[in-house]
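User: Could you take a close look at the nonpolar core of this model for me? I'd like to know what builds it and how it sits within the chain.

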Amino acid sequence: MDPGNTDAFSGHSLRVGAAQDLLCAGYDTAAIMRAGGWKSVNILGRYLEMAEHNVWA
């Protein structure tokens with residue numbers, strides 16, 4: 001990775017990516033919430049809003 005791009009990432013970026021990866025892997029919201037320690041579906045929704053996942057597929 002270009003060192004000039006590292007400022008755009010944080011530990012929070014990894015948490016968002018992990019939540020999105022779990023969703024794309026087929027895990028349900030309850031499992032993702034347990035894995036990430038979220039207690040609110042609303043907060044989880046903010047983490048997953050940019051995930052490329054079609055729930056109808």
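Analyst: Happy to; here is a walk from the overall fold into the core. Please keep in mind that this is a predicted model.

The protein chain has three helices and zero strands, in the order α-α-α from the N terminus. Of its 57 residues, 19% count as buried. The accessible surface comes to about 4500 Å², and carbon and sulfur atoms hold 56% of that area.

Now to the core itself. The largest nonpolar core is made of nine residues: Ala-19, Leu-23, Ile-32, Met-33, Trp-38, Leu-44, Tyr-47, Leu-48 and Ala-51. Helix H1 (11-24), H2 and helix H3 (41-48) are the elements that each give two or more residues to this core. H3 supplies the largest share, with three residues. As a general point, nonpolar side chains in soluble globular proteins tend to be buried together.

Helix H2 covers residues 29-36, and its buried residues are Ala-31, Ile-32 and Met-33. Of these, Ile-32 and Met-33 are listed in the core. Just after H2 comes Gly-37, with a positive phi near 80 degrees.

Trp-38, another core member, deserves a look of its own. Beyond its neighbours within four places in sequence, Trp-38 is in contact with Arg-15, Ala-19, Ile-32, Met-33, Ile-43, Leu-44 and Tyr-47.

For the chain as a whole, 44% of the contacts with a separation of 6 or more are between residues 24 or more positions apart.

Methods
Residues are numbered from 1 along each chain as its sequence is written. This is a predicted model: local features need pLDDT of at least 70, side-chain atom pairs count only at pLDDT 80 or more; totals for chains, interfaces and linings use all residues. Side-chain values use heavy atoms; hydrogens and water are left out. Buried means under 20% relative accessible area, exposed over 50%, partly exposed in between (1.4 Å probe, protein chains only). Helices (H or I, at least four residues) and strands (E, at least two) are DSSP runs, numbered from the N terminus. Contact means heavy atoms within 4.5 Å. Accessible areas come from the Shrake-Rupley method with a 1.4 Å probe; for residues, only the protein chains shown count as cover. A nonpolar core is a set of buried Ala, Val, Leu, Ile, Met, Phe, Trp, Tyr and Cys residues joined through side-chain atoms within 4.5 Å.
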